[in-house]
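This report describes one protein chain for a reader who meets it here for the first time. It moves from the chain as a whole to its sheets and then to selected residues.

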Amino acid sequence: MRTALALFITALLLPMTSHAQNVQIRTGVHAEYSRLVVAWPSKAKSNVKKQGQTLTVTFDKAANPTQAGVDTTKTRNIKNVKVLTKDPLAVTLTIPKDSRYRSFYAGSRFVLDVYNSPGSKPTQVTKAAPPKQTTKAAKPLKEAVKQAKA
C-alpha cells in the first residue's frame, strides 16, 4: 500500500519538475565591448545583478549549458564565466569595475554587452579571412555536362 501511494505521489510531482533545455553559451570580441550570448531554444526571462565586479545572470528556466564557445582569453571585459546553477540557470562573470553593460534579446538569444572602460582604446578585432574559393569542383562538373550532352 505504501509503495502504491509513493508511486502515485511521484507520478503527480513529475509534471512539476522542470525540463532542462540545451543552451549554448559563447563570448565574442568587438572593438567597443565584449559580448556574452546564451542561446536558448525558446526565450527565457532573465535578471542581471551587479555586485562589485561580478555580474550574475539568472534565468527562469533550467538548462544543460555548453560553454565550448566561451573564450575569455580574447574578451577584454568578460572574465571568469561560471555556471552557478542549472535549475534555474544562473551564470556569473567578472567585469571591469568601471564598465557599463546592457542586456537584450535577439529572438530567443540572451545577449549581454560589457563596454570598454571610459577613455580606453578600442579592442583590436581581427576579422576571419574569407574562405578560399576553389575551382577544382567546377572542372569535373564541366566534364560531366559535356559527357551528358554526348
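Of the 150 residues of the chain, 27% count as buried, where buried means under 20% relative accessible area, exposed means over 50%, and partly exposed lies in between (1.4 Å probe, protein chains only). The model is predicted: local features need pLDDT of at least 70, side-chain atom pairs count only at pLDDT 80 or more, and totals for chains, interfaces and linings use all residues. Residues are numbered from 1 along each chain as its sequence is written, and side-chain values use heavy atoms, with hydrogens and water left out.

## Overall build

Two helices and nine strands make up the elements of the chain; these are DSSP runs numbered from the N terminus, helices being H or I of at least four residues and strands E of at least two. Read from the N terminus, their order is α-β-β-β-β-β-β-β-β-β-α. Among contacts between residues at least 6 apart in sequence, 57% join residues at least 24 apart, a contact being heavy atoms within 4.5 Å.

## The two sheets

Strands of a sheet pair through backbone hydrogen bonds, either parallel or antiparallel. Two strands are taken as paired if DSSP finds at least two bridges between them.

One open sheet has five strands in the order β5-β1-β2-β9-β8, with mixed pairing. Its edges are β5 (63–69) and β8 (101–106), each of which has a single partner strand, so one side of each is left without a neighbour in the sheet. On average, neighbouring strands of this sheet are turned by 20 degrees against each other, direction ignored; the axes are lines fitted to C-alpha atoms, for helices over the stretch in contact, and angles run from 0 to 180 degrees between N-to-C directions. Within this sheet, seven bridges pair β2 (residues 33–39) with β9 (residues 109–115) in the antiparallel sense. Ser34 stands opposite Val114 of β9.

The other open sheet consists of four strands in the order β3-β4-β7-β6, and its pairing is antiparallel. Here β3 (46–51) and β6 (79–86) are the edge strands, each pairing on one side only. The average turn between neighbouring strands of this sheet is 15 degrees, direction ignored.

The antiparallel strands β6 and β7 (residues 89–94) are joined by five bridges, and they form a hairpin with two residues between them. Thr85 has Ala90 in β7 as its bridge partner. Pro88 is found in the loop between β6 and β7, and the peptide bond from Asp87 to Pro88 is cis, with omega near 0 degrees. Asn80, in strand β6, has a positive phi of about 55 degrees although it is not a glycine. With 44% relative accessibility, Asn80 counts as partly exposed.

## Two buried polar residues

Asn77 lies in the loop between β5 and β6 and, at 2% relative accessibility, counts as buried. Arg35 belongs to strand β2; this residue is buried as well, with a relative accessible area of 17%.

Both residues take part in polar contacts. A polar contact is a pair of N or O atoms within 3.5 Å; within protein, one must be able to donate a hydrogen and the other to accept it, and residues adjacent in sequence count only if both atoms are side-chain atoms.

| Side chain | Partner | Distance |
|---|---|---|
| Asn77 | Val114, backbone oxygen | 3.0 Å |
| Asn77 | Asn116, side chain | 2.7 Å |
| Arg35 | Asp113, side chain | 2.6 Å |

Leaving aside neighbours within four places in sequence, the residues in contact with Asn77 include Tyr33, Ser34, Thr94, Ile95 and Tyr115. With residues up to four places away again not counted, Arg35 touches, among others, Arg26, His30, Ile78, Arg102 and Phe104.

## The largest pocket

The largest pocket holds about 160 Å³ of space. Pockets are found on a 1 Å grid over the protein atoms alone, as open sets of points where a 1.4 Å probe fits, with protein on both sides within 12 Å along at least five of seven lines; lining residues have an atom within 4 Å of a point. Grid points are joined across faces, edges and corners, and the volume is the space filled by probe spheres set on the points.

The lining consists of Thr27, Gly28, Val29, Gly69, Asp71, Lys74, Gln124, Val125 and Thr126. Strand β1 (residues 21–29) gives the largest share of this lining, three residues.
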